[in-house]
Each structure stands twice: as structure tokens, then as C-alpha cells.
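Got the viewer open? Load the model, switch to a cartoon view, and keep the selection box handy.

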Amino acid sequence: MNNKEQHMTSIGGQAVMEGVMMRGPYKTAVSVRKPDGEIETKLDDNGVKTRAKFFGLPIVRGCVNFIDSLVIGMKALMWSAEFIDLEEEEESESKFDKWLEDKLGDKIKDVVIYAAVFFAVIMSVGLFMVLPTLLTSLVEMIPGIGAFTSTQAFTSVFEGIVRMLIFLGYMALVSNMKEIKRVYEYHGAEHKTIACYEAGEELTPENVKKYPRFHPRCGTSFLLFVMIISIILFAFLPRFDGMVKILSVLCRIGTRLLLLPVVAGLSYEVIKLAGRSKNKCVGILSKPGLWLQHLTTREPDESQIEVAIASMQPCIPENREDDKW
């Protein structure tokens, strides 16, 4: 490994279908390995460095970054999917697809992207916020255990445990899907490429191979921090016990949804600290997220590393100070 002082970069990304998306301070690049073996790269300006100062404030920047990541990530995913089984898709185009294309024209992609983000958020909120609250409320109604369930600490911790079990179960289930395994290999390539760049080495497949596929700034770690921080914050919320049960449950769900931007903002600040600090306490804090990446990353092959390098290189600014984390 290189012993140079590490350059902690803000460049990050995600795996897509047969490719990698990287996002730097000025550019966002998506590189995909096409069926013919060639690598195609799409490069866009992202304006991260030119935003108003308000959007760079602590907590606020976390919320903005979370929304941006959803939209940009979905755009990258849809673009990458265009290269998969194109002939088969053209043959199976439905009348509804043609109707949408006629009505919306060039705007159809934007509509689909924002609709997909909307439904993804709704599904995530339902699965990881609403369902744990409902299950906790049902447990609290079991006769004879009121002494154990009548505190806000129980409510927050039990909800958190249910949320964590759903999350881990979902990750374990998805990781066994054949198509997702390929995506997770590209996820590993993304992490290894960023680590190589941070170490100051030239971005070549041989150099990138040497680095671990686990990174403290991974989105998987971010989600884990979201769950841990939500347990702490939700412990201070009222239980609304004086209401009819259905209203109590609705109020609980409502207050948790209102706090979601705060939870996302705080989680971003924690992962930002974890990504640039070598402090032992911070290292311990990062361990669970790194362990979880055993599920969400896999060792990539050389061809996948080449794709990750192709998406990384256009995002590196001329002045290395511009992409400091």
C-alpha cells in the first residue's frame, strides 16, 4: 500500500447496471460496459461547487445531498439500463409505452425518473418507518406486558430493532439475486477506485486491485447511521398515549416523518466525519457500516475496475483542493 498522506476526497458514487456513476465537485460521470465490450461514458455538469452557501450549511447539506443522490442515482440507473437487451425491449414495446412517448415526447424520461424516485421514497417510508411503528403499537397492545411497553424508551428501541431487522433481511435477500451480485461487484470496484485515488496512486487496474472494497463513506453505512440516529432522536418524542389508538399511531408516524430531514442531515454529518477522520473512536463508530458492506459489495474483476476508473477520471478536478471531503 502507498504510505503517502491520504487525500480524502468528496468524490463518491454508486453502482449501476453494468457500470459505475461517480460524482465530483463539478462533474458527474456514468460509465457502462456495453454488450459489445466497449465502455461508454456520459458526462454532465452538476453545479455542486456553485450552490448558494445556505445549501452547504451543516444538516441542510445532508438533506440536499440525500435528495440529489436519489434523483441523480435514478437518472444514472435508467441511462445504464438502456444498454441492456435493447433489441428485446424494442420488440416488446407496449401500446401504453408508445402512448406515453407520443404524449410526453422528450419529457418522458424526466417524468419516469421523478415518478420512480417518488415511489421509491414512498416504499422506503412505508417499509422502514410506518411498518415498524405499526408493529410496535401492536406489541404495546398485548395484555399483561404494559409494564415493559409503557415507556418511550421501549417504543424507540423496539421500533429501531424492527427497522434494523427489516433492513438486514432485505439486504441479505437482495444480495443473493444473480443480477444484484453483478451490481455489487461494480459497487466494490467503485470503492476500490476511490480508495486508490485517495492514496495518491495512479488509477490503473493493477493499483486499484490492491485496495479494499469497503469504504466508510458508503451509502450502506449512511443508512445504518440513519437507523441508529433515529432510535436516539425518536426516544425524545411523545407517545400520544392519551389519544384513541389509531390517532396515537398516526401522530407517531407523523412526528417521525417530520423528523426525517433532521435524521438524514445528522447522519450525513456523522458519515462525513467518519470519511475523513482517523480517530480511533470514529473508526469504531464506522465498523458496523463496514461490516454491512460484506453484503452490499463483492470483489470486482479487472474489466469492472476499468469501468470504475473511466467514470472516476472525468470527475477529478484540476485543483485537488476542490474535491477535499
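What follows is a walk from the whole chain down to single side chains.

**The whole chain**

Start with everything selected, and keep in mind that this is a predicted model. The cartoon should show 12 helices and 4 strands. Of the 325 residues in the protein chain, 41% are buried. Show the surface next: the accessible area comes to about 17700 Å², and 65% of that belongs to carbon and sulfur atoms. As for contacts in the chain with a separation of 6 or more, 72% of them link residues 24 or more positions apart.

Now colour by pLDDT. The mean for the protein chain is 85, with 88% of the residues at 70 or more. Select residues 86–91 to find a stretch where the pLDDT is below 50; leaving aside near neighbours in sequence, this stretch has 2 contacts in the model.

**The strands**

Select residues 19–23, which is strand S2. How many of the residues of S2 are buried? The count is 5 of the 5, so the strand is largely enclosed by the rest of the structure. Turn on the side chains: Gly-19, Met-21 and Arg-23 point one way, while Val-20 and Met-22 point the other way.

Add residues 12–16 for strand S1, which pairs with S2 in the antiparallel sense over 5 bridges. Ala-15 is the residue opposite Val-20. The hairpin of S1 and S2 has 2 residues between the strands, and Glu-18 there takes a positive phi near 55 degrees.

Then add residues 27–33, strand S3, which also pairs with S2 in the antiparallel sense over 5 bridges. S2 and S3 form a hairpin with 3 residues between them. Look for Met-22 in S2 standing opposite Ala-29 in S3.

**From Met-22 to a helix**

Keep Met-22 visible and select Ile-194, which touches Met-22. Ile-194 is in helix H7, residues 178–198. Is Ile-194 buried or exposed? Its relative accessibility is 3%, so Ile-194 counts as buried. Beyond residues up to four places away in sequence, Ile-194 also touches Thr-9, Ile-11, Gly-12, His-215, Arg-217 and Met-312. For His-215, 21 residues along the chain from Ile-194, the C-alpha to C-alpha separation is 8.6 Å.

**Aromatic rings**

Next, show the aromatic side chains. The whole structure holds 6 aromatic pairs. Pick out Phe-128 and Phe-167: the ring centres are 6.2 Å apart and the planes are at 70 degrees, and because an angle over 60 counts as edge-to-face, that is the label for this pair. Phe-128 lies in helix H4 (residues 108–140) and Phe-167 in helix H6 (residues 152–174), so the pair ties together parts that are 39 residues apart in sequence. Phe-128 is buried at 16% relative accessibility, and Phe-167 is buried at 3%.

Stay on H6 and select Phe-154 and Phe-158. This pair is stacked, with 5.3 Å from centre to centre and 20 degrees between the planes. The two residues are 4 apart in the helix, about one turn. Phe-158 counts as partly exposed, at 25% relative accessibility.

**Last stop**

Finish by selecting Arg-256 and Phe-234. What sits over the ring of Phe-234? The charged end of Arg-256 does, 5.2 Å from the ring centre.

Notes:
Residues are numbered from 1 along each chain as its sequence is written. This is a predicted model: local features need pLDDT of at least 70, side-chain atom pairs count only at pLDDT 80 or more; totals for chains, interfaces and linings use all residues. Side-chain values use heavy atoms; hydrogens and water are left out. Buried means under 20% relative accessible area, exposed over 50%, partly exposed in between (1.4 Å probe, protein chains only). Contact means heavy atoms within 4.5 Å. Accessible areas come from the Shrake-Rupley method with a 1.4 Å probe; for residues, only the protein chains shown count as cover. Two strands pair if DSSP finds at least two bridges between them. pLDDT is the predictor's confidence in each residue, from 0 to 100. Rings of Phe, Tyr and Trp (its six-membered ring) pair if their centres lie within 6.5 Å; planes under 30 degrees apart count as stacked, over 60 as edge-to-face and the rest as tilted. A charge sits over a ring if NZ of Lys or CZ of Arg is within 6 Å of the ring centre and within 35 degrees of the ring normal.
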